[in-house]
Amino acid sequence: MNEKKNTSEILFMDAHTANKAAEKESASEILFIESDADQRLSPKIRPNEAIFIGAHADDIEIGAWSAAYKLIASKWKVFFIVMTTDSGACERLSEAVDAAKLLSKDIEVFFLKETDGLLSCNRQTVSKLRSLISSQKINARVVFCHSKADSHNDHRAVNEIAISAFRESVIIEYPVINSLIKSDFKPNIFSSVTEEIMKSQNLALSRHKSQTSRISTDKIYKYREESSQLGKKIYVDKFKATLQAGYSENQLALLMDAIDDIPTHKLLGRIIRDGLVAISGGTIFRKNRTIDHSITSCGKSVSSLLRAHMQIIVGMKEVIEVPASDPNVHEFAEESSILIIDGAISNSFAREYYDHFVGLNYKIDYEIPNYQNQCVVDLSLKIPKKIYPKYGVDDFGRKKIIEDIGILTFMKNPMNTDKWLIGCMGVHAIGTMGCFRALMEDSLASLISSRLDEALAAGKSGIQVLVGYTPDGAPRFLSRSWRKI
Ligand SMILES: [Zn+2]
């Protein structure tokens with residue numbers, strides 16, 4: 001370890017030596033304390049590694065604690081790096097180590113000892129960080145750092161330094177609520193925060209005794225609060241992933257598995273991690289409409305809503321929208337995970353491809369001419385059964401939809417089984433919207449996830465379920481409509 005002492009100006013701390021280190025600190029700018037670092041050199045299987053970088057001693061605790069907590073619970077090796085120290089250095093360094101050790105006694109905390117308030121991204125700071133990483137043989141390709149949407153100059157500098165110092169990495173930006181520029185922060189990873197995590201974070205923040213007056217846990221909680229569509233309050237931490245060229249898909253997938261656990265996001269995230277092509281239907285010509293409901297405008301709004309939501313959910317990868325009439329739709333479907341919007345009535349891809357996939361239980365049916373008697377057919381029964389939406393009459397005596405039905409399909413893409421197929425197909429556009437809303441509803445999305453896992457574990461390729469949806473109500477799964485494919 002001796003030669004390492006001379007390689008950098010890095011202060012490395014171990015729990016039991018933290019206070020001693022703080023005492024010694026004034027004696028030398030170069031201080032390195034032995035740890036279990038050499039165990040990391042073992043050629044055996046290494047755990048996944050993640051680095052958390054904060055400008056100041058308490059930033060990681062404020063902005064990224066839940067992520068560190070979950071990674072450690074998933075057996076990741078986690079490193080904390082604090083870039084600056086201020087005049088209260090000794091105190092703040094040992095506070096930071098005390099706090100970090102609440103997560104795991106194995107956690108290693110490094111201090112780069114730049115001047116508080118004057119941090120900038122330049123050759124010196126970037127190479128200092130790089131030499132720490134190489135001298136410690138840290139192998140992480142997942143790096144947490146401040147968001148650039150931050151009004152604190154030190155925080156923005158950390159963002160730039162991290163992006164400059166690492167290559168081929170997954171960079172995860174975390175917000176620090178006191179200085180976050182909310183309108184510029186566009187998260188794409190969402191992580192639930194449990195009571196247990198909040199308690200642990202409170203305890204960690206309380207270790208920063210010299211900072212208590214500046215940390216507002218109320219502010220942190222307020223920022224986290226979200227209302228689910230069923231009206232119950234949930235707490236969510238938000239992060240923004242930036243993917244550098246050559247990043248590891250595998251590391252990203254493992255990271256998402258460990259921290260990205262909001263049901264709706266997890267369900268779609270795991271399927272759409274590699275991008276999504278949404279195949280949308282077109283309009284159909286009907287001689288006379290029997291229902292006071294415009295499929296065209298509803299179809300368009302479903303499609304734009306889907307697009308907006310998918311962008312948030314997929315975030316890191318592009319959602320491409322292709323009309324079913326596109327001459328290259330077949331190639332798209334062979335190369336990508338696909339989302340089919342609308343059933344066979346208006347979507348020619350559904351009609352020409354989906355309706356002919358082997359093993360499907362539900363399809364949309366109708367009678368020609370004029371597309372009348374639209375319904376879902378249950379093909380899983382010996383005698384296929386037709387299921388119709390519920391209709392009523394509006395104030396002007398016109399037929400109106402009371403409850404539409406949609407077929408929600410989650411399966412391996414039959415045209416490329418490495419990819420996925422999601423189908424949101426209503427008898428009418430309202431049913432399509434219902435399928436989509438079911439994906440956005442945490443409790444329903446959890447159910448889809450567990451049913452899908454069951455089906456895949458049983459060697460099946462997916463699931464289908466019928467969604468009932470009233471235009472101004474909440475989506476529901478029709479009873480006994482779950483089918484494996
Ligand atoms: Zn800070």
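A residue counts as exposed if 12 or fewer other C-beta atoms lie within 10 Å of its own, as buried if there are 20 or more, and as partly exposed in between. In this predicted model, Lys-75 has 9 C-beta neighbours inside 10 Å and therefore counts as exposed. Lys-75 sits in the loop between helix H4 (65-73) and S3. Although Lys-75 is not a glycine, its phi is positive, at about 70 degrees.

The protein as a whole has 16 helices and 21 strands. Of its 485 residues, 45% are buried. Among contacts between residues at least 6 apart in sequence, 72% join residues at least 24 apart.

The loop that holds Lys-75 leads to strand S3, and with S3 comes the largest nonpolar core. This core has 63 residues, of which Phe-52, Ile-53, Ala-68, Ile-81, Val-143 and Phe-144 touch the most other members. Strand S3 (residues 77-85) gives the most to this core, with 6 residues. Phe-144 shows what such a position involves. Leaving aside neighbours within four places in sequence, Phe-144 is in contact with Ala-50, Ile-51, Phe-52, Ile-53, Ala-64, Ala-67, Ile-172 and Tyr-174. There is also a second, separate core of 54 residues, which includes Ala-324, Val-376, Met-411 and Ile-422.

Asn-178 lies in the loop between strand S6 (170-174) and strand S7 (189-192). Because Asn-178 has 17 C-beta neighbours inside 10 Å, it counts as partly exposed. Asn-178 and Asp-150 are 28 residues apart in sequence, and their C-alpha atoms are 8.9 Å apart in space.

Further along the chain is helix H10 (residues 249-259), in which Leu-252, Leu-255, Met-256, Ala-258 and Ile-259 are buried. These residues cover an arc of only 165 degrees around the axis, which puts them on the same side of H10. The exposed residues Glu-249 and Asn-250 are carried on the face turned away from that buried side.

Strand S10 (residues 276-280) is mostly covered, with 5 of its 5 residues buried. Leu-276, Ala-278 and Ser-280 point one way from the strand, while Val-277 and Ile-279 point the other way, and all are buried. S10 pairs with strand S11 (residues 319-323) in the parallel sense over 5 bridges, and Leu-276 stands opposite Val-319 there. S10 also runs parallel to strand S12 (residues 338-341), to which 4 bridges join it. In that pairing Val-277 stands opposite Ile-338.

The next group of strands is antiparallel: S13, S14 and S15 form an open sheet of 3 strands in that order. Strand S13 (362-367) and strand S15 (385-387) each have a single partner strand and stand at the edges, so one side of each is left without a neighbour in the sheet. From one strand to the next, the twist averages 40 degrees. S13 is joined to S14 by 5 bridges, with Glu-367 opposite Gln-372 in S14. On the other side of the sheet order, 3 bridges join strand S14 (residues 372-378) to S15. Asp-378 has Lys-385 in S15 as its bridge partner.

What is unusual in the backbone of the S13-S14 loop can be judged against a general rule. Most residues other than glycine have a negative phi, and most peptide bonds are trans. The hairpin of S13 and S14 has 4 residues between the strands, and Asn-370 takes a positive phi near 75 degrees. Pro-369 is also in the loop between S13 and S14, and the peptide bond from Ile-368 to Pro-369 is cis, with omega near 0 degrees.

Helix H15 (residues 429-440) has 12 residues and reaches 17 Å from its first C-alpha to its last, close to the 16 Å expected at 1.5 Å a residue. This helix is mostly covered, with 12 of its 12 residues buried. Among the buried residues are Arg-437, Thr-432, Cys-435 and Phe-436.

Arg-480 is in the loop between strand S20 (476-477) and strand S21 (483-484). Because 7 other C-beta atoms lie within 10 Å, Arg-480 is exposed. Arg-480 is not a glycine, yet it has a positive phi of about 55 degrees.

How values were computed: Residues numbered from 1 in each chain as written. Predicted model: local features only at pLDDT ≥ 70, side-chain atom pairs only at ≥ 80, totals over all residues. Helix = DSSP H or I, 4+ residues; strand = E, 2+ residues; numbered from the N terminus. Pairing = 2+ DSSP bridges. Arc of directions from axis to C-beta. Expected span 1.5 Å × (residues − 1). Axes fitted to C-alpha atoms, helices over the stretch in contact; angles between N-to-C directions. Core = buried A, V, L, I, M, F, W, Y, C linked by C-beta atoms within 7 Å. Contact = placed C-beta atoms within 7 Å.
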